Structures are given as structure tokens and as C-alpha cells.
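Okay, thanks for coming, everyone. I'll put the structure up on the screen, and then we'll walk through it piece by piece.

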Amino acid sequence: MAQSHVFAGVGGYYGGNQGNLAGVFRRDVGGNDWKHVLTEPEAYTVFVHPQDPSLVLAGTKDGICRSTDGGATFKRANFPDSGIQIWSFLADPANPKRILAGGSPVSIYRSNDAGATWARQADPKLPDRGNAPFAVRVMRFAQHPNRSEEIFAALEVGGVMRSTDGGETWNDSSEHLIKMSVDEPRLRSKIVSDTEAEGMLDGHAICMSAADPDSVILAVRMGLFRSDNQGKTWEDMRVDRFSPFTYGRDIKVSPQDPNTLYACLSVAAASKDGALYRSRDVGKTWQRFDKVQPHGTLMSVSLHHADPKQVYTAARYGEVFGTQDGGESWSETPLPKGVQHIYALACG
């Protein structure tokens, strides 16, 4: 197997990082030294192409940067707009050069040449769900395992939207999430907006699994929620039965085993604790997977596309933890001193 790397995408919120400490950091798997490989804009997501790990994309506060040498160097991609934050990527398994990117303010971009050039798609026409101090972000995509044209996207703070034409047009799938916040007082949360449905609309991650292909699982501030009818209705998976933490920040399906899910659960957006949980039964039950003590909200879990024993997770204030033996042992490889606000991890 070729040399693998771990990447961290670092933003600069909450007063900004001191000095130039945002962007993308890379280290060799098995090594401890992080190299600052993209030093310019803040980065909110890093994407190692599952079928070509030499291709690495970084979503930044101003468009997309691209690497074709495994993340050693980056160049700005041919991107049509300025000032658009990019928070997510999705590659089509059937056509690996076709990649979607999700932006903030809500926007969808498509590349047909492995990320070299991008075109903006028609803007999703979504209902106004309330005012927040930042524009709605397209945080994650999930593609139906059997119908590649069916794609869901988690929105922060905007709930969920769904496309049935490969991302060209979108429909809102959040009505029932809002209803749940009305019907159940425990699902109400208002911190930065003018709606008590804010916590249910605070979408961070979304996934679909071939083991349960018509089910979609959403991670929001209020926990993990599942829909079996294309987002028409949602049910609370009650992850609080298994975890003292319920703030859902990331959820991913194992590339090797569709029954296995990993979820980052924490106290709140800016907290001092969190844990990585694993489910072996597509989310019915959960067990704590990590053997570490994070000192910040767990923000991202990264799974290696070729090696199921590699799992990495990042906490908000610069901590990165990983296992290379399927969870038996863990190592901590913190980012350089002063580097904070990790938004995403990737490996490959």
C-alpha cells in the first residue's frame, strides 16, 4: 500500500487563530509531524478521493483548492465565484471524475473533470427557516447506494434537502424536523437564531448505507435522526440510550462494512468533552469506540477507504486521535501549538 496521510482542515473562528495557523495540515500515517500544506485560506473540509488518493480537495472560505500529488501541494481550482465557503464534497462512485461541492451561502457546484474546473448549479430554492448570524451551509452529502441520482444534504442551520436528479434541483426535507421540535419540548433549542426549531435544523452530517439503502441518518444538535421515507418524516434514534453525549457532529458509514457506522457525539458546539461511538447494526445500538479523553467537541471522524483498521477523529481545539489496529490502541497526534478549530479530517 502506498504511503497514506491524514489531513486536518482548520478554520479560524472565535476571534481568529493567532498568526497564520489555518488551512490544511498533513502528516504521514504513523508519523507525528504535521506539515502546513495549505497556508492561505481557512479550510472547512478536506476530501481524499476514494478511488484516487493522489487527488485531494480542500474546501476553503474562498472556493476550492486542489492537489494532485497526495496533498503535498495545492493550487486554486478553476472556480466560478469568489467569497463562497465550501463545506462538503461528494464523488460519484459510478463516475469518479464527477464531484459535487456544497457551499455557504447555500449553493451547489459540480465538476466533471476531477475537481479541476467547477460550474455553479441552479440555486436550491429552500424555504426561509429563520435568521442566524451566518449563512446556511451545505455540510455533508449522502448518496443513495442504489440510485446515484438521489442525494441528500445536511444543512447548518437549515435541516435537510434532497435531490433526485444528481444535485441539479433540490427539495426541502425539513418540515417534519420542525414539527418534532414543536411537539416535543426536549427537541427545542434556540442559541443563535430566532426559531426554537434551530437545534433540529442544525444539520452537521448525513449518511446512507447499502445495508439499509432506503434509510437516511442525520446528525444534528439534538441527536441522531432517521428517515425511511425520503425525508418526509423523521424519528429520533435516541442515541441517549447509549451515550451521555447527544450533540451529533459527524456520522459516517464504514467503506468496508455497510453495517458499521461511526458517530462523533459531544456536549455542544464548543464543549470540553465528546466521544466516538460505533454501531455494528446500522444505528440500532451504539458502543463507545475510542479509548481517549478529548478536551473539546469531536468534530470529524475519518475512515480509510482501503484499510478498515484506520480510524481518526479530531476535537475542536487541535487534538487528533487515531487507531491503526481497529480500535485496540490509540495514539494522539495534536496539531502544532496554537492551531485550533479543526472542522474536518480526511485520510488516504
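Let me begin with the largest cavity: strand 8 and strand 9, the latter covering 95–104, each give at least two residues to its lining. Before I go further, please keep in mind that this is a predicted model.

So, which residues line that largest cavity? Among them are Leu-90, Ala-91 and Asp-92, then Arg-98, Ile-99 and Leu-100, and further along the chain Gln-143, Ser-148 and Glu-149. By type, the lining of the largest cavity splits into 5 nonpolar, 3 polar and 4 charged residues. The space inside the largest cavity comes to about 70 Å³. How many cavities of 30 Å³ or more are there? The count is 3. If you're wondering how one looks for such things, rolling a probe the size of a water molecule over the atoms shows where empty space is left.

Now the largest pocket, with a volume of about 1200 Å³. It's lined by 43 residues, and the ones closest to the pocket's centre are Leu-90, Phe-141, Lys-252, Val-253 and His-305. You'll recognise Leu-90, which I also named in the lining of the largest cavity. Which strand gives the largest share of the pocket lining? That's strand 8, with 6 residues. Plenty of other strands chip in, though: strand 4 (43–48), strand 12 (137–143), strand 16 (203–208), strand 20 (247–253), strand 24 (298–303) and strand 28 (342–347), like strand 8 (85–92), each supply at least two lining residues. As for chemistry, the pocket lining holds 27 nonpolar residues, 12 polar and 4 charged.

Let's zoom out for a minute. The protein chain has 2 helices and 28 strands. Its radius of gyration is 18 Å, close to the 20 Å that the globule rule gives for 348 residues, so the chain is as compact as a globular protein of that length. Along the principal axes, the C-alpha atoms fill a box of roughly 50 × 45 × 40 Å. And of the 348 residues, 57% count as buried.

On to the sheets. Strands of a sheet pair through backbone hydrogen bonds, either parallel or antiparallel. One open sheet here has 4 strands in the order 3-2-1-28, paired antiparallel. Which strands stand at the edges? Strand 3 (35–38) and strand 28 do; each has a single partner strand, so one side of each is left without a neighbour in the sheet. On average, neighbouring strands of this sheet are turned by 30° against each other, ignoring direction. Strand 2, residues 23–28, is joined to strand 3 by 3 bridges, and Val-24 sits opposite Leu-38 in strand 3.

Another open sheet runs 4-5-6-7, again with 4 strands and antiparallel pairing. Strand 4 and strand 7 (75–76) are its edges, and each has a single partner strand, so one side of each has no neighbour in the sheet. Between strand 4 and strand 5 (residues 56–60) there are 5 bridges, and Ala-43 has Thr-60 in strand 5 as its bridge partner.

Strand 18 deserves a moment too. Is strand 18, residues 223–227, buried or exposed? Buried: 5 of its 5 residues are, so strand 18 is largely enclosed by the rest of the structure. A hairpin with 2 residues in between connects strand 17 to strand 18, and 5 bridges hold that antiparallel pair together. One of the contacts there is Val-216, whose bridge partner in strand 18 is Ser-227. Strand 18 is also joined to strand 19 (residues 235–236), by 2 bridges, with Phe-225 opposite Asp-236.

Last, some backbone oddities. The Ser-104 to Pro-105 peptide bond is cis, with omega near -5°, and Pro-105 is in the loop between strand 9 and strand 10. The bond from Glu-156 to Val-157 is cis as well, omega near -10°; Val-157 lies in the loop between strand 13 and strand 14. Then there's positive phi in residues other than glycine: Ala-114, near 60°, and Arg-238, near 50°. Ala-114 is in the loop between strand 10 and strand 11 and counts as buried at 13% relative accessibility. Arg-238, in the loop between strand 19 and strand 20, counts as partly exposed at 31%.

That's my tour, so over to you for questions.

How values were computed. Residues numbered from 1 in each chain as written. Predicted model: local features only at pLDDT ≥ 70, side-chain atom pairs only at ≥ 80, totals over all residues. Heavy atoms only, no water. 1 Å grid on protein atoms, 1.4 Å probe; cavity = no way out; pocket = protein on both sides within 12 Å on 5 of 7 lines; lining within 4 Å. Points joined across faces, edges and corners; volume = space filled by probe spheres on them. Nonpolar A, V, L, I, M, F, W, Y, C, P; charged D, E, K, R; others polar. Pairing = 2+ DSSP bridges. Axes fitted to C-alpha atoms, helices over the stretch in contact; angles between N-to-C directions. Buried < 20%, exposed > 50% of the residue type's maximum accessible area, 1.4 Å probe, protein only. Rg over C-alpha atoms; globule rule 2.2 N^0.38 Å.
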